[in-house]
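Please examine the sequence and the model shown below. The explanation after them is meant to be read with both in view.

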Amino acid sequence: GSDVEFNDLFQEMSFIAMVGIQDPLREGVYESVKLCQKAGVVVRMVTGDNKLTAQAIAKECGILQPNSIVMEGPDFRNLSKREQEKIIPQLHVLARSSPEDKRILVKRLKDKGETVAVTGDGTNDAPALKMADVGFSMGIAGTEVAKEASAIILMDDNFASIVKALKWGRAVNDAVKRFLQFQLTVNITAVVLTFVTAVSSESEKSVLTAVQLLWVNLIMDTLAALALATDP
């Protein structure tokens, strides 16, 4: 019943093998990160893992850049607001981070006028998901707290789905801008033409009648709808 000392057993042993365990990246993550960067999106990794592990994964994902700053959460938290804002443009990896570190990072980015999207699956991601402009949670591995705090739930837990959401979101935004630009141009022109001709006319009649204005609107709206519908 006496305790056995480890040093008593660790005698005359031979080294046989070393086993390493790695959680590989999902297929398509590297390509998705590159597409985001090409589209002008800065991808950052904020994790609870240690600094070396986070740096290795970020390098494999393509997040780590030559001028990237890798920092641990406690060090980032202890910086002043001005110092945090100064390093944030190059801060691409934040390791050993707490929920408060994630929230502070999102707040600093929003204070700089950036549009921030956060993805996470754990309860500790909820504050950052809630504060971000768009929060993405995982539908399979995500906790209920993270899902409630997020704006969009990824049903396949795949980072590539965020790229698709970004692509479709920008397409809709561009289509709305073009449609409004077209409508404002046509309607302002019609209103100005109708008003000026009515005021300058001795009979106070517009050069375009009500029926003609309706026809112009009908034709213009139809052509605009067809153009936007077939826009790639």
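The following paragraphs treat the domains, the nonpolar cores, the long helix, the cysteines and three loop residues in turn.

The coordinates are those of a predicted model. The chain is divided into two parts, with domain 1 covering residues 29-165 and domain 2 covering residues 171-229. Taken over C-alpha atoms, the centres of domain 1 and domain 2 are separated by 46 Å.

The largest nonpolar core is made up of 18 residues. Met71, Phe76, Leu91, Leu105, Val106, Val116 and Val118 are the members with the most contacts inside this core. Two or more residues each are supplied by strand 3 (91-95), helix 6 (99-111), helix 7 (126-131) and helix 8 (144-149). Helix 6 provides the largest share, namely four residues. The surroundings of Leu91 illustrate how distant parts of the sequence meet: with neighbours within four places in sequence left aside, Leu91 is in contact with Arg44, Ile69, Met71, Phe76 and Leu105. A second core, separate from the one just described, has 13 residues, among them Val33, Met45, Ile63 and Val93.

Helix 9 comprises 41 residues, from 160 to 200. From its first C-alpha to its last, helix 9 reaches 60 Å, which is close to the 60 Å expected at 1.5 Å a residue. Which residues of helix 9 are buried? They are Ser161, Ile162 and Val163, together with Gln183, Val186, Ala190 and Thr197.

The cysteines come next. A disulfide is a covalent bond that joins the sulfur atoms of two cysteines. The structure holds zero disulfides. Why does Cys36 not form such a bond with Cys61? The closest cysteine sulfur to that of Cys36 is in Cys61, and because the two lie 12 Å apart, they are too far from each other for a bond. The relation also holds from the other side, since the sulfur of Cys61 has its closest cysteine sulfur in Cys36, again at 12 Å. As to accessibility, Cys36 counts as buried because its relative accessibility is 4%, and Cys61 is likewise buried, with a relative accessible area of 5%.

Two residues other than glycine have a positive backbone phi angle and deserve individual inspection. Arg96, which is not a glycine, has a positive phi of about 45°. Arg96 is placed in the loop between strand 3 and helix 6. Is Arg96 buried or partly exposed? With a relative accessible area of 44%, Arg96 is partly exposed. The other residue is Asp157, whose phi is near 55°, a positive value in a residue other than glycine. Asp157 lies in the loop between strand 6 (152-154) and helix 9. At 8% relative accessibility, however, Asp157 counts as buried.

The final residue to consider is Ser150, found in the loop between helix 8 and strand 6. Ser150 has a relative accessible area of 14% and is therefore buried, the limit for that class being under 20%. Where does the side chain of Ser150 reach a backbone oxygen? It does so at Lys147, with a distance of 3.0 Å. When residues up to four places away in sequence are not counted, Ser150 touches Gly135, Phe136 and Ser137.

How values were computed:
Residues numbered from 1 in each chain as written. Predicted model: local features only at pLDDT ≥ 70, side-chain atom pairs only at ≥ 80, totals over all residues. Heavy atoms only, no water. Core = buried A, V, L, I, M, F, W, Y, C linked by side-chain atoms within 4.5 Å. Buried < 20%, exposed > 50% of the residue type's maximum accessible area, 1.4 Å probe, protein only. Contact = heavy atoms within 4.5 Å. Expected span 1.5 Å × (residues − 1). Disulfide = S-S within 2.5 Å. Domains from an automatic or database assignment. Polar contact = N/O pair within 3.5 Å; in protein donor to acceptor, adjacent residues only side chain to side chain.
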